[in-house]
Amino acid sequence: MIDRLEKEVDMLERHLQVLKMVIENEPIGIVKMSNETGYPHHKVRYSLRVLEEENLIEPSSQGAIKTERTVEFVDELDGKLDEIVDKLEGMKIEDVAEVEG
């Protein structure tokens, strides 16, 4: 049950790392991103496709670049992540004795 959540969080982390690289180094290509992150080309390519579908990056002849929507997304990201963390914190089962009793 938790395994799927872990995989999704890992994938989100990769997507956000790729987005950060685009923001900091645009234009940037798959090979450079793969070399710097250690992610295989196919995983970087998948992250780029997801980010493009979300209109957060767009392709250019020199590599990926950010879009007008990128700034808005980044501005809202920390708040959304904080909400998710709070929700996960609330899901903890603190006292196992209560569950057994």
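The exercises below work through salt bridges, backbone geometry, surface patches and buried contacts in a predicted model.

**Exercise 1. Which residue forms a salt bridge with lysine 66, and where do the two partners lie along the chain?**

Step 1. The partner of lysine 66 is glutamate 26, and the closest N and O atoms of the two are 2.8 Å apart. A salt bridge requires a side-chain nitrogen of Lys or Arg within 4 Å of a carboxyl oxygen of Asp or Glu, so a distance is what has to be checked here.

Step 2. This pair links distant parts of the chain, since lysine 66 belongs to strand β2 (residues 63-66), while glutamate 26 sits in the loop between α1 (2-25) and α2 (30-37), 40 residues apart.

Step 3. Turning to accessibility, lysine 66 has a relative accessible area of 30% and is therefore partly exposed. Glutamate 26 is likewise assigned to the partly exposed class, with a relative accessible area of 29%.

**Exercise 2. How far apart in sequence are glutamate 36 and lysine 32, and how far apart are lysine 80 and glutamate 76?**

Step 1. Glutamate 36 and lysine 32 form a salt bridge in which the closest N and O atoms are 4.0 Å apart. Both residues lie in helix α2, and their separation of 4 residues corresponds to about one turn of the helix.

Step 2. Lysine 80 and glutamate 76 also meet through their side chains in a salt bridge, at 3.8 Å from N to O. Because they are 4 residues apart in helix α4 (residues 68-90), about one helical turn separates them.

Step 3. Lysine 32 is partly exposed at a relative accessible area of 42%. In the other pair, lysine 80 is partly exposed at 47% relative accessibility, and glutamate 76 is partly exposed at 35%.

Step 4. For the model, the count comes to 4 salt bridges.

**Exercise 3. What is the omega of the peptide bond that joins glutamate 26 and proline 27, and what is the phi of asparagine 55?**

Step 1. The general expectation is set out before the two cases: most residues other than glycine have a negative phi, and most peptide bonds are trans.

Step 2. The bond between glutamate 26 and proline 27 is cis, with an omega of about -10°. Proline 27 is located in the loop between α1 and α2.

Step 3. Asparagine 55 is not a glycine, yet its phi is positive, at about 60°. Asparagine 55 is placed in the loop between α3 and β1, and its 42% relative accessibility makes it partly exposed.

**Exercise 4. Which residues form the nonpolar patch on the surface, and which gather in the patch of negative charge?**

Step 1. The nonpolar patch consists of Met1, Ile2, Leu5, Val9, Ile84, Leu88 and Met91, which together have about 740 Å² of accessible area. Helices α1 and α4 each contribute at least two of its residues, and α1 gives the largest share, with 3 residues.

Step 2. Methionine 91, one of the members of the nonpolar patch, lies in the loop between α4 and α5 (96-100). At 58% relative accessibility, methionine 91 is exposed, because the exposed class begins over 50%.

Step 3. The patch of negative charge gathers Glu52, Glu53, Glu54, Glu58 and Glu68 on the surface. Among them, glutamate 54 is found in the loop between α3 (41-53) and β1 (57-60), and its 44% relative accessibility makes it partly exposed.

**Exercise 5. Are threonine 70, threonine 67 and methionine 33 buried or exposed, and what do they touch?**

Step 1. Threonine 70, in helix α4, has a relative accessible area of 1% and is therefore buried. Apart from residues up to four places away in sequence, threonine 70 touches Leu19, Ile23 and Leu56.

Step 2. Threonine 67, in the loop between β2 and α4, is buried at 11% relative accessibility. With neighbours within four places in sequence left aside, threonine 67 is in contact with Asn55, Leu56, Ile57 and Glu58.

Step 3. Methionine 33, in helix α2, is buried at 0% relative accessibility. Not counting residues up to four places away in sequence, methionine 33 touches Val18, Met21, Val22, Ile28, Gly38, Val44 and Leu48. Methionine 33 and valine 44 are 11 residues apart in sequence, and their C-alpha atoms are 7.1 Å apart in space.

Notes. Residues numbered from 1 in each chain as written. Predicted model: local features only at pLDDT ≥ 70, side-chain atom pairs only at ≥ 80, totals over all residues. Heavy atoms only, no water. Patch = residues over 30% accessible without salt bridge, like charges linked within 9 Å, V, L, I, M, F, W, Y side chains within 5 Å. Areas by Shrake-Rupley, 256 points an atom, 1.4 Å probe, with all protein chains shown as cover. Lys, Arg positive; Asp, Glu negative; His and termini not counted. Charge placed at Lys NZ, Arg CZ, Asp CG, Glu CD. Buried < 20%, exposed > 50% of the residue type's maximum accessible area, 1.4 Å probe, protein only. Contact = heavy atoms within 4.5 Å.
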